Amino acid sequence: MALYRKYRPASFAEVVGQEHVTEPLSVALTSGRINHAYLFSGPRGCGKTSSARIMARSLNCEQGPTPTPCGVCDSCVALAPNGPGSVDVVELDAASHGGVDDTRELRDRAFYAPAQSRYRIFIIDEAHMVTTAGFNALLKIVEEPPDHLIFVFATTEPEKVLPTIRSRTHHYPFRLLAPKTMRGLLERICRQENVAVDDAVYPLVIRAGGGSPRDTLSVLDQLLAGSDGQQVAYSRALALLGATDLALIDASVDALAAGDAAALFGAVEALVDAGHDPRRFATDLLERFRDLIVLQAVPDAAARGVVDAPDDVVERMREQAATLGTATLTRYAEVVHAGLGEMRGATAPRLLLEVVCARLLLPSASDTEAALLQRIERLETRMNVSIPAGEAAQAAAAVEAAPVKQFVRRSNAVPEATPPAPADERPAPPPPVTAPPVTAPPAPVTPPPAPVTPPAPVTSPPVTQPPAAAPPPAPVQPPVTPGQPDAAAVRSMWSTVRDKVRERRRPTDVMLDGAVVLAVEGDVLVLSHVSAPLAARLNEARNVEIIRDALKDALGVNWTIRCEAGSPTAPAPAARPRPVVEAPPPVEEEDEESMLAQAVHEEAAPRRDPEEVALELLQSELGARRIDGA
């Protein structure tokens, strides 16, 4: 006897995984609240017809109505899972008897009282196959049935049942079994059958059954029939069910994680040589990606039963989930899912599978959001790996303190001058070296802590042995109002201030390129700009007000702004070769990741108005002139 018939439940307590249906029915039977019509709906093989027979057995038991039939009375013996049946319980298959003549005959028989039972029960299976005329013929008796008559409709498509019929029934929806519940059922049946099953076989059987207890038991019955010595081996189940070997799935995922195209296409070749279906391989690979995504989001997914796999396979999947990022796995799943749609009805599924593998290896071949997220995730991973832990904090602090530069195309870029350092971070000037007699440029004067006379410019030729230079006085910080941020704090938040300025007026933000925070003097923020014209523009009332509002939003201070012209750095070297503008040095070749990031930035950047372009060209020209005059 087939397993699904041998282990068919005989009471509601034996029904597995349908507690949301069996418990309310048991309560109704105990309290005696019996309805004249029931509708059991759900996927195929989930226990609808078996529950309808249990319902009939519970209603006609001599001890009933009761949710626990005695099993010894004539009605219980006749309505047992393998019993001969009862004349008072009629089971009709609407797939072959759904016409109006069949339902009229059923209606005429329904008026007769039961021969030996409490109720006359009609179980109509596949009720959605009853025609509209047939339902109309049953409508009157379903609306006002005799006291001894009960209808039980079972269907996989309840929406096709006539609404006037459906509205007069108690509707109980059945569901497919969860993998964890199904595994418990299979293990119990295997113990009763005295058959040993490899641990890796259960996920294959559950996946092949699709959550249906009847289909799953049919698959298990096939494996038990072909087993050797009461042992179901994984290799035999793999061959019979046509599933993909876990080793091929693991090899494919590892090859994708390492970007190894040879290993990935080698797994496809091994798959075809073994005679497996490429569509099934793509389905199994998609399920593996799903398991990895779930394991990343829910670390204890295996313990909860969300991921059903042997312990050793779960450990391998944890390692793979730690190697691949969430964005990468999401894109892999999208690509394979799209490939499965293309494989449907294809004459060359292997070719399409290889195309899918090529797409998985080339995220740049797609401009979808998932592909861009994968590229960003890869860039972040490379940055985290390449920067040592000790240098990461210094690099982050340097990025926050440095002014944000405006993005320009490389074809239009010119050599930029080094931005001036703040006054309290000035390096000591290097000692002069022997050089041809030239007129030394005047050195910019640092605001001293006390009034001193600045040294006059030296026009005489420098001597070969300079006198020992006295150590420079320690810099004195300008006075800062208590409770307000100092110059260092402003530098650390300068990128945020620049963002606020950019939101208000982009030309003002462009003019701030090359400007650095020099000091905080009371309620005045002192800036230093390498370009005198741009420093004058920044001192205009409109620009001062914009920067002032940005500081108020970013730091909560109400300061005024003063921008000074000149560089606070040490004097430039005396002689420096003039750069050749006609032939700029070649730009080092960047890797594919940086090129993509630049292209995305260029495409996302809004178009700039003529005033912004003119200001940027002015700044670039001033920088080039400063280099020429050095």
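How many nonpolar, polar and charged residues are in the lining of the largest cavity? Hold that thought while we get our bearings. What you have here is a predicted model, and the protein in it has 27 helices and 10 strands. Of its 630 residues, 38% are buried. If you take the contacts between residues at least 6 apart in sequence, 74% of them join residues at least 24 apart.

Now to the cavities. The structure holds 2 of them at 30 Å³ or more, and the largest has a volume of about 200 Å³. Its lining is made up of 18 residues, and those nearest the centre are Arg207, Leu246, Arg288, Asp291 and Val313. Four elements each give two or more residues to that lining: H9, H12, H14 and helix H16 (311-323). H14 has the largest share, with 4 residues. And the opening question? Sorted by class, the lining has 11 nonpolar residues, 1 polar residue and 6 charged ones.

The second largest cavity holds about 50 Å³ of space. Its lining draws on Arg8, Pro9 and Ala10, then Ser50, Arg53, Ile54 and Arg57, and finally Leu79, Ala80 and Pro81. By class, that gives 6 nonpolar, 1 polar and 3 charged residues.

Next, have a look at helix H11, which spans residues 234-241 and has Tyr234, Ala237, Leu238 and Leu241 buried. Viewed down the helix axis, the buried residues of H11 fall within an arc of 100°, so they line one face of the helix. Ser235 and Ala239, on the other side of H11, are exposed. What do the buried residues of H11 pack against? Their partners are helix H9 (201-209), helix H10 (213-225), strand E7 (231-232), helix H12 (246-258) and helix H14 (278-297). You've met some of these names already: H9, H12 and H14 are among the elements that line the largest cavity. Just after H11 comes Gly242, with a positive phi near 70°.

Further along the chain, Ala348 sits in the loop between helix H17 (326-343) and helix H18 (349-361). Is Ala348 buried, exposed or partly exposed? Its relative accessible area is 33%, so Ala348 counts as partly exposed. If you pick out its C-alpha atom and that of Pro278, you'll find 9.6 Å between them, although these two residues are 70 apart along the chain.

Two more residues are worth a click. Arg491 belongs to helix H21 (residues 487-492). Despite being an arginine, Arg491 counts as buried, because its relative accessibility is 9%, which falls under the 20% cut-off. Where does its side chain go? The side chain of Arg491 reaches the backbone oxygen of Val517, at 3.2 Å.

Then there's Thr508, in helix H23 (residues 506-511). With a relative accessible area of 0%, Thr508 is buried. Its side chain is joined to that of Arg505 by a polar contact of 3.0 Å. Which residues is Thr508 in contact with, leaving aside its neighbours within four places in sequence? They are Val501, Leu538, Asn543, Ile546 and Ile547.

Methods
Residues numbered from 1 in each chain as written. Predicted model: local features only at pLDDT ≥ 70, side-chain atom pairs only at ≥ 80, totals over all residues. Heavy atoms only, no water. Buried < 20%, exposed > 50% of the residue type's maximum accessible area, 1.4 Å probe, protein only. Polar contact = N/O pair within 3.5 Å; in protein donor to acceptor, adjacent residues only side chain to side chain. Arc of directions from axis to C-beta. Contact = heavy atoms within 4.5 Å. 1 Å grid on protein atoms, 1.4 Å probe; cavity = no way out; pocket = protein on both sides within 12 Å on 5 of 7 lines; lining within 4 Å. Points joined across faces, edges and corners; volume = space filled by probe spheres on them. Nonpolar A, V, L, I, M, F, W, Y, C, P; charged D, E, K, R; others polar.
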